[in-house]
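Me: Please take a close look at the largest pocket of this structure. I would like to know what lines the pocket and where it lies.

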Amino acid sequence: MPRAYSRPSTDIAEFQKLLKHSDRVLALCGAGLSAASGLPTFRGAGGLWRNHSATSLATPEAFKDDPALVWLFYAWRRHMALKAKPNAGHYALAELAKHNKNFMCLTQNVDGLSPRAGHSPDMLRMLHGNLFDVKCFDKQCGYIEPNNLRDPLCPALAPASEDYPADKTMPLLDPKQPTPKIKREDLPQCPDCKRSGKTSLLRPGVVWFGEALPDGMLEEVDVWVAKERAIDVMLVIGTAAAVYPAAGYADAARKRGARIAVINPDRSARAGLTSRDFHFEADAAEVLPKLFEGIIGKLEIPDQGK
Ligand code: APR
């Protein structure tokens, strides 16, 4: 017999009621949360950077092969993230964290917009690191500059920090234009290695494919998930849930009793959901404030200046 297809609910009022009676809430956020802030996602439209898929530049091997190209890509992402402002989705999540001390938010985003929206660091885990941490490529060295907001990071990376009017293509993003030539010695260098007579490059403090998540973070999240009390709700916000271990948290939460709420304009993101679950086929920035309204009230976004 064919299995009856049980659709997830799309009823905002029903979800609000569920959240109101929920205690332990887990969220997994992805690039779609920052889409309304103007930052491109990885796998959808805009997933290409010059002729490269964004994911092909995110490996230690790509950095070893062509550190200048990989640095230009990350220098551009740093610049874009610095120019962007947190949106209503980031603020709504930060408010929920203030109202519910049992709300744990895992984000795969490295853009820093959740911390800038005031999301308490105690209740936010940046699974894939942070664009603004700059660290030595040599793992043995351990040198790190946390929250380095310099833009451009060094003179050679200035082409990634230029601003162009919306109707003009930035030369760096135009694959028909040659990639700026940058000598290895003009890329950011590790000062600690230099002092001990070695030369090592600095690299962005993000987690690349094939690398482990920040020390102790997985264990900490596992402990939170496995706590005695069940998880009531798992929010899956703006992520294709294609990268592990992050992608495994929805199943882990379901096993701990959670009902899943997917917030994603892509209909295919509802795959695997049942009638116990929810799918809000919408922009996270628009729908999150509504979903949390019963807890956080009407969201007020602070003046973010120009
Ligand atoms: N609101 C909510 N979701 C959105 C929006 C929006 N406004 N716009 C797009 N989305 C959805 C897309 O439909 C897609 O499912 O966001 C998702 C983005 O998916 P990806 O681009 O794959 O990004 P993400 O899931 O965060 O990628 C995970 O992959 O490359 C690595 O380390 C990188 O952290 C990243 C990880």
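Reply: The following account describes the largest pocket and then turns to the second largest. The model is a predicted one.

The largest pocket encloses about 1,100 Å³ of space. Its lining comprises 50 residues, and those nearest the centre of the pocket are Q108, T239, A240, A241 and A242. Three elements give two or more residues to this lining, namely the helices α3 (67-83) and α8 (249-255) and the strand β10 (259-263). By class, the lining of the largest pocket consists of 29 nonpolar, 14 polar and seven charged residues.

As to location, the largest pocket lies between two domains, because residues of its lining come both from domain 1 (1-39 + 86-128 + 214-306) and from domain 2 (42-83 + 129-206).

The second largest pocket has a volume of about 520 Å³. It is lined by 22 residues, with K135, A212, L213, P214 and D215 the closest to its centre. Strands β6 (129-136) and β8 (202-206) each contribute at least two residues to the lining of the second largest pocket. Of the elements, β6 gives the most, supplying five residues. The lining of the second largest pocket divides into eleven nonpolar, four polar and seven charged residues. Domain 1 and domain 2 are both represented in this lining, each with at least three residues.

In summary, domain 1 and domain 2 both give residues to the lining of the largest pocket, and the lining of the second largest pocket likewise draws on each of domain 1 and domain 2.

How values were computed. Residues are numbered from 1 along each chain as its sequence is written. This is a predicted model: local features need pLDDT of at least 70, side-chain atom pairs count only at pLDDT 80 or more; totals for chains, interfaces and linings use all residues. Side-chain values use heavy atoms; hydrogens and water are left out. On a 1 Å grid over the protein atoms alone, a cavity is a set of points where a 1.4 Å probe fits but cannot get out, and a pocket is an open set with protein on both sides within 12 Å along at least five of seven lines; lining residues have an atom within 4 Å of a point. Grid points are joined across faces, edges and corners, and a volume is the space filled by probe spheres set on the points. Helices (H or I, at least four residues) and strands (E, at least two) are DSSP runs, numbered from the N terminus. Ala, Val, Leu, Ile, Met, Phe, Trp, Tyr, Cys and Pro count as nonpolar, Asp, Glu, Lys and Arg as charged, and the others, Gly among them, as polar. Domain bounds come from an automatic or database domain assignment.
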